[in-house]
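Hi,

Here is the structure I promised to pass on. Have a look at it first, then read my notes underneath.

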Amino acid sequence: MHDMIEIPSATVQIGAPEHHLDEITQQQIYGRSWFEDEAPQHIRHIPTFWIDRLPVTNAEFAEFTEQSGHRTGAEQRGFGLIYGRDYWRDAPGIYWRQPVPGLDALVALPDHPVVHVDHSDALAYAAWAGKRLPTEFEWEYAAHGPTWTAYPWGNTWNPAVANSAEHWAGPIADLAAWKIWWAERHALYGTLPATTKVGEFSPAGDSEFGVADLAGNVSEWTSSSYGGYDPFRHYDPALTAAMLHRYRVVRGGGWKHMRWQVRTTERMACIPRHSCFDLGFRCATDARPDNQQRG
């Protein structure tokens, strides 16, 4: 299993400053209410914990399924969720080991992050490994340290150090440009996930603690239920509905996202049974793992 990194106890800035949310509202198509769940920025005390340096890989997940007999939600329902030519669709027979027909992810992509795993799949793996999922606040702290930065490496976007849509396509300013890139990619590769080996962008893309892949590659499940930081804020109706229905928080953005979705404070929310081709996870623990070096 991957190394884990100690994240020391600290008083941490959680959420994005107002000026940052104003800036990104001007840079892309979504209104300010879409990002309002990142505000207000506030202070939380976070005890010491340990977090996986890297997301869980296909090889690691295979070991878990072989030893436990676990069948993922996608396997049980008989289809996986992928983004087709123009929109999301169900793809029969798709699951973590077969992300596209005819491809064995364990053979072809053993060091890539596992995808097509729902929240219960991630919880089951974590329990088997003697760990747990990180809370969203632990995840954010590991990503930017005690003081806010927009990305794990700082405040300046750099597509060369994270697996995102802009790493593959160059600058994407709006949804129309993203759709052009996606159409070209879909024509060449279909719905094959554009994941990369975990840690491929280290150390340039790492956080100050040395945790890798916290921006891009795959979005990551956390243990936290989705809610607002301020009960008096106005949120986009879709976000309000997700809060009411106790969706789970997903962090980090993935390989098909633009720069705004891979920020350290970006909060996404998914129904627990959701799984798709750009969503994975990593684990955390409260106590120092056996045979683990400090720092």
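Below is what I found, going from strands to helices to backbone oddities.

First, the small print: this is a predicted model, where local features need pLDDT of at least 70, side-chain atom pairs count only at pLDDT 80 or more, and totals for chains, interfaces and linings use all residues. Residues are numbered from 1 along each chain as its sequence is written, and side-chain values use heavy atoms, with hydrogens and water left out.

Helices (H or I, at least four residues) and strands (E, at least two) are DSSP runs, numbered from the N terminus. Two strands pair if DSSP finds at least two bridges between them.

Strand 2 (residues 10-14) is a nice one to start with. A10, V12 and I14 point to one face and are buried, while T11 and Q13 point to the other and are not (buried is under 20% relative accessible area, exposed over 50%, partly exposed in between, with a 1.4 Å probe and protein chains only). Its partner is strand 3 (residues 42-46), antiparallel over 5 bridges, with A10 opposite I46.

There is also an open, mixed sheet of 4 strands in the order 9-8-7-10. Strand 9 (268-270) and strand 10 (279-280) are its edges, each pairing on one side only. Strand 10 runs parallel to strand 7 (residues 219-225), joined by 2 bridges; S219 has L279 as its bridge partner there.

On to the helices. Helix 2 (residues 58-68) packs on helix 5 (residues 119-128) at about 80°, with the axes 10 Å apart (axes are lines fitted to C-alpha atoms, for helices over the stretch in contact, and angles run from 0 to 180 degrees between N-to-C directions). So the two are roughly perpendicular, a label for angles of 65 to 115 degrees. Helix 2 brings E60, F61, E63, F64, Q67 and S68 to the contact, and helix 5 brings D121, A124, Y125 and W128 (contact means heavy atoms within 4.5 Å).

In helix 8 (residues 175-189), the buried residues are W178, W181, W182, A183, R185 and H186. Their cover includes strand 5 (79-83) and helix 7 (165-169).

Finally, the backbone. The A39 to P40 peptide bond is cis, and so is the one joining S202 and P203. N217 has a positive phi near 70° and is buried at 1% relative accessibility. R246 also has a positive phi, about 60°, but is exposed at 51%.

Cheers

Definitions and conventions. Parallel < 35°, antiparallel > 145°, perpendicular 65-115°, else oblique. Expected span 1.5 Å × (residues − 1).
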